[in-house]
Amino acid sequence: MRRLIVSSFVSLDGVIEGPMTWASPFFVGENVDHALQALSNVEFFLLGRATYEMFFARWPEIKGPYMDRINGLKKLVASTTLKTVSWNATLINGDVAEALAALKRQPGGDILKYGVSQLDRTLLSAGLVDEYHLSIVPTWVGHGKRAFDDVGPINLDLVGTHRFDNGVVTLIYVPR
């Protein structure tokens with residue numbers, strides 16, 4: 001059975017919006033190596049429409065072991081407004097929870113989603129999220145959407161931690 005893992009950068013003040021501007025200085029060396037290793041059992045990359053459009057505009061042009069792996073993954077794009085997708089992607093324009101539940105029941109690699117978004121409300125209410133990997137970045141952003149703003153109340157159990165030399169700590173949680 002596949003797992004659905006949601007991974008996100010979170011600033012010290014809880015911001016998740018715009019991580020490419022504030023988290024990038026911390027995504028180096030051992031952090032990139034760890035992220036690449038975390039992709040070893042990932043088969044699908046799940047994106048909502050807004051994230052897909054943002055990533056697709058930039059990421060296919062970026063090279064290197066980590067980005068080559070991301071760019072090579074099969075993508076699943078949840079959207080009711082897009083008509084077509086590319087970048088090795090398949091459009092999920094119907095019941096996202098039903099489509100993902102069916103995919104999770106199949107053998108194969110994990111499904112990874114970056115960022116905590118409105119889509120998580122649907123995923124959590126359907127019991128589809130297996131783990132949250134929250135990388136706490138030691139910086140203060142001061143403005144922007146905060147983690148779980150779109151989701152609402154949630155209870156999680158801490159099941160693992162990973163500390164990096166640059167002060168980033170990844171906390172692994174499972175929904176209760």
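**View 1. Leu 47 and its bridge partner across β2 and β3.** Leu 47 pairs up with Val 77 of β3 as its bridge partner. We're looking at a predicted model here, as in every view that follows. The two strands involved are β2, covering residues 42-48, and β3, covering residues 74-78. They run in the parallel sense, and five bridges hold the pairing on record between them.

**View 2. The open sheet, strand by strand.** Step back from that pair and you get a sheet of eight strands, open rather than closed, with mixed pairing. Reading across, the order goes β4-β3-β2-β5-β1-β6-β8-β7. The edges belong to β4 (89-92) and β7 (156-163); each has just a single partner strand, so one side of each has no neighbour in the sheet. As for twist, neighbouring strands are turned by 25° against each other on average, ignoring direction.

**View 3. Helix α2 against helix α4.** Here α2 (residues 30-38) packs on α4 (residues 65-72), at an angle of about 30° and with 9 Å between the axes. That angle makes the two helices roughly parallel, since anything under 35 degrees counts as such. The crossing of α2 and α4 is left-handed. On the α2 side, the contact comes from Val 32, Ala 35 and Leu 36. On the α4 side, Pro 65, Tyr 66 and Arg 69 do the job. Sorted by class, the contact has five nonpolar residues and one charged residue, with no polar ones.

**View 4. Gly 115 and its contacts from elsewhere in the chain.** Gly 115 sits in the loop that links β5 (110-114) to α6 (118-125). Leave out residues up to four places away in sequence, and Gly 115 touches Val 6, Ser 7, Ser 8 and Asp 120. Take Ser 8 as one of these: Ser 8 and Gly 115 are 107 residues apart along the chain, yet their C-alpha atoms are separated by 4.5 Å.

**View 5. The two ends of the annotated domain.** An unreviewed UniProt entry lists residues 4-169 as "domain: Bacterial bifunctional deaminase-reductase C-terminal". In the model, the end C-alpha atoms of that span lie 21 Å apart. Helix makes up 30% of residues 4-169, and strand makes up 27%.

Terms used
Residues numbered from 1 in each chain as written. Predicted model: local features only at pLDDT ≥ 70, side-chain atom pairs only at ≥ 80, totals over all residues. Heavy atoms only, no water. Axes fitted to C-alpha atoms, helices over the stretch in contact; angles between N-to-C directions. Helix = DSSP H or I, 4+ residues; strand = E, 2+ residues; numbered from the N terminus. Parallel < 35°, antiparallel > 145°, perpendicular 65-115°, else oblique. Left-handed = near helix turned anticlockwise from the far one by under 90°. Contact = heavy atoms within 4.5 Å. Nonpolar A, V, L, I, M, F, W, Y, C, P; charged D, E, K, R; others polar. UniProt positions renumbered as here; feature names shortened; annotations may be inferred. Pairing = 2+ DSSP bridges.
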